[in-house]
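Hi,

Here is the structure I promised to pass on. Have a look at it first, and then read my notes underneath.

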Amino acid sequence: MGFIDVIKERAKNNKKTIVLPETGDRRTLEAASKILAEGIANLILVGNKDAIAKEADGLDLSAATIIDPSQTDKLQTYIDLLVEVRKSKGMTPEQAKELLTKDYLYFGVTMVKAGDADGMVAGAVNSTANVLRPSLQILKTAPGTKLVSAFFVIVVPNCEFGADGTFIFSDSGLVQNPNSEELAAIAGSSAKSFETLVGKEPIVAMLSHSTKGSAAHADVDKVVEATRIAKELYPNVKIDGEFQLDAAIVPSVGASKAPGSDIAGKANVLVFPDLDAGNIGYKLAQRLAKAEAYGPITQGIARPVNDLSRGCSADDIVGVIAITAVQASIK
């Protein structure tokens, strides 16, 4: 059974409620119909019932709950909640009502905050910034988390590296140019995410264009320092670096380039030095190695809200909804 099939089964066995605010997007509705048919999660679709029915022509969404923000009897409850959460920023009831009835992303996140949904998935038609802004304003970061970051689960077919071809690539979707402390935090969060989703021991490699001092540059120094901090902060996690990619995942290369490391050649969690590298890396694996790429999955938000790539397919959305449901089941 493949990674996403396992995730779907886990979601079915502990069914959660996921809110989908982008109901004007056909791919989202196609994904919703598949989720409902497979019994992976309960779904709330945000929008006008007639408009959704028109966009969903030919799809069975009868098992979904459809909520129109302007018509729900919980609107005042959500207004009060949003005003309370944002009172330090001067949020008024009038502003809250405008946001909740006009911006479905804010409505969806407020539902999660209120406990009426367990998580939200969006981003098929909205930018990452638009998806995460209400999440950070309303849900905020998880306790003990210094940084919200994003990763992709990469599943490479017929691959002997990583966890039978399964990796986490991080950060591949959010933090542009992390400093050493931020890289260390990303490493810790990514290790936890790998254990949660893949169910195997995370082995974390801090990536660079250098392996154990083979190159001298400030960019290398950043990764070396991040590795030191990560080892100090997460002493029970297998973390090492700095590694070139081949030294991180290929046993023979790891043994040759970093003979003193227990991590070299065995990594399944790859922490990239910046967003350029992480984003390019996951797209190379996806397009050239025909890898399955699920994400960007966020980590560090108090409750799960996940952002989609705007180039996603309906099946990609199904995968992210299932992952979100599993994240929501972890206390």
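Below is what turned up, going from aromatic rings to salt bridges to surface patches. One thing to keep in mind from the start: this is a predicted model.

Aromatic rings first. A search through the whole structure gives five aromatic pairs. In one of them, the ring centres of F167 and F169 are 6.2 Å apart and the planes sit at 70 degrees, so that pair counts as edge-to-face. The cut-off for that label is over 60 degrees. Both of these phenylalanines, F167 and F169, are buried. F169 also pairs with F272: here the centres are 5.3 Å apart and the planes are at 50 degrees, so the pair is tilted. Where do F169 and F272 lie? F169 is in strand 6 (residues 166-170), while F272 is in the loop between strand 9 (269-271) and helix 12 (275-288), so the pair ties together parts that are 103 residues apart in sequence. F272 is buried, as is F169. Put together, the ring pairs link F167, F169 and F272 into a cluster.

Now the salt bridges. How many does the structure hold? The count is 14, and I'll walk you through three of them.

R26 and E30 make one, with their closest N and O atoms 3.3 Å apart. These two are four residues apart in helix 2 (residues 26-38), so about one helical turn separates them. R26 is partly exposed at 30% relative accessibility, and E30 is partly exposed at 27%.

K238 and E201 make another, at 3.4 Å from N to O. This pair links distant parts of the chain: K238 is in strand 8 (residues 238-243) and E201 is in the loop between helix 8 (180-198) and strand 7 (203-207), 37 residues apart. K238 has a relative accessible area of 39%, so it counts as partly exposed. E201 is partly exposed too, with 45%.

Strand 8 comes up again with D240, which forms a salt bridge with K212, the closest N and O atoms being 2.8 Å apart. K212 is in the loop between strand 7 and helix 9 (218-233), and the two partners are 28 residues apart. Is D240 buried or exposed? It is buried, because its relative accessible area is 6% and the cut-off for buried is under 20%. Its partner K212 is partly exposed, with 39%. K212 and D240 also belong to a network of salt bridges that includes K231.

On to the surface. K89, K113, K140 and R303 gather there in a patch of positive charge. Of this group, K113 is in helix 6 (residues 104-114) and is partly exposed at 31% relative accessibility.

There is a nonpolar patch on the surface as well, made of I280, L284 and L288, with about 330 Å² of accessible area together. L284 lies in helix 12, and its relative accessible area of 46% makes it partly exposed.

One last residue to look up is D307, in strand 11 (residues 305-307). D307 is buried, with a relative accessible area of 2%. From D307 to A277 it is 30 residues in sequence and 19 Å in space, C-alpha to C-alpha.

If you only have a minute, start with the ring cluster of F167, F169 and F272, then go to the network of K212, K231 and D240.

Cheers

Conventions
Residues numbered from 1 in each chain as written. Predicted model: local features only at pLDDT ≥ 70, side-chain atom pairs only at ≥ 80, totals over all residues. Heavy atoms only, no water. Phe/Tyr/Trp six-rings, centres within 6.5 Å; stacked < 30°, edge-to-face > 60°. Buried < 20%, exposed > 50% of the residue type's maximum accessible area, 1.4 Å probe, protein only. Patch = residues over 30% accessible without salt bridge, like charges linked within 9 Å, V, L, I, M, F, W, Y side chains within 5 Å. Areas by Shrake-Rupley, 256 points an atom, 1.4 Å probe, with all protein chains shown as cover. Salt bridge = Lys/Arg side-chain N within 4 Å of Asp/Glu carboxyl O. Lys, Arg positive; Asp, Glu negative; His and termini not counted. Charge placed at Lys NZ, Arg CZ, Asp CG, Glu CD.
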